[in-house]
Amino acid sequence: WIPASLLKAFANMVGADASSAKPVARAWLNYMAMCAGIAAPGTLAEIFRGYVGDRSAPERLAQDEVVCAGPVTITGSRDVK
């Protein structure tokens with residue numbers, strides 16, 4: 001339902017080749033729909049809460065928990081300022 005020329009232009013914008021235009025466009029459309037809260041109740045509230053913070057929310061990591069993601073290491077903390 002999306003014209004091939006539009007898919008190719010979109011693939012070029014995001015650095016994908018023309019053969020992967022449909023999966024790339026579908027992934028981006030799904031992502032944008034998720035961010036808009038379509039079929040995902042509470043998404044916008046969570047995104048907004050992530051930007052402004054919420055001191056009353058429960059901790060996501062235990063105080064002694066360590067998460068490693070490549071070169072980044074995140075440790076749990078109770079020191080919320």
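Met-34 lies in helix 2. This is a predicted model. Met-34 is partly exposed, at a relative accessible area of 41%. Met-34 also belongs to a nonpolar surface patch, along with Met-13, Val-14, Trp-28, Tyr-31 and Met-32. The points below cover that patch, the nonpolar core, helix 3 and the strand hairpin.

**Nonpolar surface patch**

- The six side chains named above, Met-13, Val-14, Trp-28, Tyr-31, Met-32 and Met-34, have about 630 Å² of accessible area together.
- Two helices each supply at least two residues of the patch: helix 1, spanning 4-14, and helix 2, spanning 21-35.
- Helix 2 gives the most, with 4 residues.
- Met-34 can join the patch on accessibility because its 41% is over the 30% cut-off for patch residues.

**Nonpolar core**

- The largest nonpolar core has 6 residues: Leu-7, Ala-11, Ala-16, Ala-21, Val-24 and Ala-25.
- Helix 1 and helix 2 are the elements that give two or more residues to this core.
- Helix 2 provides the largest share of the core, 3 residues.
- Beyond its neighbours within four places in sequence, Ala-25 is in contact with Leu-7 and Phe-10.
- Of these two partners of Ala-25, Leu-7 is listed in the core.

**Pro-23 in helix 2**

- Helix 2 contains Pro-23.
- Pro-23 has a relative accessible area of 48%, so this residue counts as partly exposed.
- Ala-11, a member of the core, is 12 residues from Pro-23 in sequence.
- In space, the C-alpha atoms of Pro-23 and Ala-11 are 9.5 Å apart.

**Helix 3 and the salt bridge**

- The structure holds 1 salt bridge.
- Glu-46 and Arg-49 form a salt bridge, and their closest N and O atoms are 2.8 Å apart.
- Both residues sit in helix 3, which covers residues 43-52.
- Glu-46 and Arg-49 are 3 residues apart, or about one turn of the helix.
- Glu-46 is partly exposed because its relative accessibility is 43%, which does not exceed the 50% limit for exposed residues.
- Arg-49 is also partly exposed, at 22% relative accessibility.
- Arg-49 does not count as buried, because its 22% is not under the 20% cut-off.
- Helix 3 is hardly covered, with a buried count of 1 among its 10 residues.
- Gly-53 comes just after helix 3 and takes a positive phi of about 85 degrees.

**Strand hairpin**

- Strand 1 (residues 66-69) and strand 2 (residues 72-75) run antiparallel.
- The two strands are joined by 4 bridges.
- Cys-68 has Thr-73 of strand 2 as its bridge partner.
- The hairpin has 2 residues between the strands.
- Gly-70 in this hairpin takes a positive phi near 65 degrees.
- In a regular strand, side chains alternate between the two faces of the sheet.

**Val-66 in strand 1**

- Val-66 has its place in strand 1.
- Leaving aside neighbours within four places in sequence, Val-66 is in contact with Thr-73, Ile-74 and Thr-75.
- Thr-73, one of these contacts of Val-66, is also the bridge partner of Cys-68.
- Val-66 and Ser-77 are 11 residues apart in sequence.
- Their C-alpha atoms, those of Val-66 and Ser-77, are 9.9 Å apart in space.

Methods: Residues numbered from 1 in each chain as written. Predicted model: local features only at pLDDT ≥ 70, side-chain atom pairs only at ≥ 80, totals over all residues. Heavy atoms only, no water. Patch = residues over 30% accessible without salt bridge, like charges linked within 9 Å, V, L, I, M, F, W, Y side chains within 5 Å. Areas by Shrake-Rupley, 256 points an atom, 1.4 Å probe, with all protein chains shown as cover. Salt bridge = Lys/Arg side-chain N within 4 Å of Asp/Glu carboxyl O. Buried < 20%, exposed > 50% of the residue type's maximum accessible area, 1.4 Å probe, protein only. Pairing = 2+ DSSP bridges. Core = buried A, V, L, I, M, F, W, Y, C linked by side-chain atoms within 4.5 Å. Contact = heavy atoms within 4.5 Å.
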